[in-house]
Amino acid sequence: MLIELDFNSDEALYIQLCNQIIVGIATARIREGDPLPSVRQLAESIGINMHTVNKAYTVLKQEGYVKVDRRKGAVIAVDIDRLRALEEMKKELRVLLARGSCKNISRAEVHALIDEIYQDYGGL
């Protein structure tokens, strides 16, 4: 699994790690049932603290992207409740679209961006 973190970003490392794993799932680079590296292995391979990886795995577990098994470790298990996910997406999109509206980004431009991004995820 290729993880690239931006150590100069204002975004917390654990959030970057979560987002990279979520994008990996969406792009099918990581699939349902795939095991994630152990906390120690991943921390060492990308050069971050084990607590940061542990926090990312905890967030991913809480959000329904992984399950943690004492024997197998963290395993991809996408079981997000679809309606809850849609409500969360709607909430986040409201803010993003408001920002775009303030910058005079058109509806057509937004739709083109969405189509472009969904193509990256296999054209869902």
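This is a tutorial dialogue on reading the features of one predicted model.

Student: Let's start with the overall layout. How many helices and strands are there in the chain, and in what order do the elements run from the N terminus on?

Tutor: Happy to begin there. This is a predicted model, and the chain has 5 helices and 2 strands. Reading from the N terminus, the order is α-α-α-β-β-α-α. Along its principal axes, the C-alpha trace spans about 50 × 35 × 25 Å.

Student: What share of the residues in the chain is buried, and what do the contacts say about sequence separation?

Tutor: Of the 124 residues in the chain, 23% are buried. Among contacts with a separation of 6 or more, 48% join residues 24 or more positions apart.

Student: And the surface? How much area does the chain expose, and what part of that comes from carbon and sulfur atoms?

Tutor: The exposed area is about 9400 Å², with carbon and sulfur atoms supplying 52% of it. For your charge bookkeeping, there are 17 positive and 18 negative side chains, and the centres of these two sets lie 6 Å apart.

Student: Now a single helix. How far apart are the end C-alpha atoms of helix α1, and what span should its residues give?

Tutor: The check uses a rise of 1.5 Å a residue: the 14 residues of α1 (residues 13-26) should span 20 Å, and the end C-alpha atoms are indeed 20 Å apart, so the two values agree. You can repeat the exercise on α5 (107-120). Its 14 residues should also span 20 Å, and its end C-alpha atoms are 20 Å apart, in agreement.

Student: Which residues of α1 are buried?

Tutor: First the general idea: an α-helix has 3.6 residues a turn, so residues three or four places apart point the same way. In α1, the buried residues are Gln16, Leu17, Cys18, Ile21, Gly24 and Ile25. Their cover includes α2 (39-46), α3 (50-62) and β2 (73-76).

Student: Why does Ile25 count as buried, and what is in contact with it?

Tutor: Ile25, in helix α1, has a relative accessibility of 18%, and the cut-off for buried is under 20%, so Ile25 counts as buried. Leaving aside neighbours within four places in sequence, Ile25 is in contact with Ile30, Tyr65, Ile76 and Val78. As for distances, Ile25 and Val39 are 14 residues apart in sequence and 18 Å apart in space, C-alpha to C-alpha.

Student: How do I read the largest nonpolar core, and which residues have the most contacts inside it?

Tutor: In soluble globular proteins, nonpolar side chains tend to be buried together. Here, the largest nonpolar core has 21 residues, and Leu17, Ile21 and Tyr57 are those with the most contacts inside it. The elements giving two or more residues to this core are α1, α2, α3 and β2. The biggest contribution is from α3, with 5 residues.

Student: What does Tyr57 touch?

Tutor: Not counting residues up to four places away in sequence, Tyr57 touches Ile21, Leu36, Pro37, Ser38, Val39, Leu42, Val66 and Ala74.

Student: Is Val53 buried or exposed, and what are its partners?

Tutor: Val53 sits in helix α3 and is buried, with a relative accessible area of 0%. Beyond residues up to four places away in sequence, Val53 touches Leu17, Val39, Leu42, Ala43 and Ile48. For a longer reach, take Arg107: its C-alpha atom is 38 Å from that of Val53, and the two residues are 54 apart along the chain.

Student: Last topic, backbone angles. Where is Ala28 found, and what is its phi?

Tutor: Ala28 is in the loop between α1 and α2, just after α1. Its phi is near 65 degrees, a positive value in a residue other than glycine. Ala28 counts as partly exposed, at 31% relative accessibility.

Student: What about Asn104 and Gly122?

Tutor: Asn104 is not a glycine, yet its phi is positive, about 60 degrees. The loop between α4 (82-102) and α5 (107-120) holds Asn104, and this residue is exposed, with a relative accessible area of 70%. Gly122 follows α5 and has a positive phi near 90 degrees.

Terms used:
Residues numbered from 1 in each chain as written. Predicted model: local features only at pLDDT ≥ 70, side-chain atom pairs only at ≥ 80, totals over all residues. Heavy atoms only, no water. Helix = DSSP H or I, 4+ residues; strand = E, 2+ residues; numbered from the N terminus. Expected span 1.5 Å × (residues − 1). Buried < 20%, exposed > 50% of the residue type's maximum accessible area, 1.4 Å probe, protein only. Contact = heavy atoms within 4.5 Å. Areas by Shrake-Rupley, 256 points an atom, 1.4 Å probe, with all protein chains shown as cover. Lys, Arg positive; Asp, Glu negative; His and termini not counted. Charge placed at Lys NZ, Arg CZ, Asp CG, Glu CD. Core = buried A, V, L, I, M, F, W, Y, C linked by side-chain atoms within 4.5 Å.
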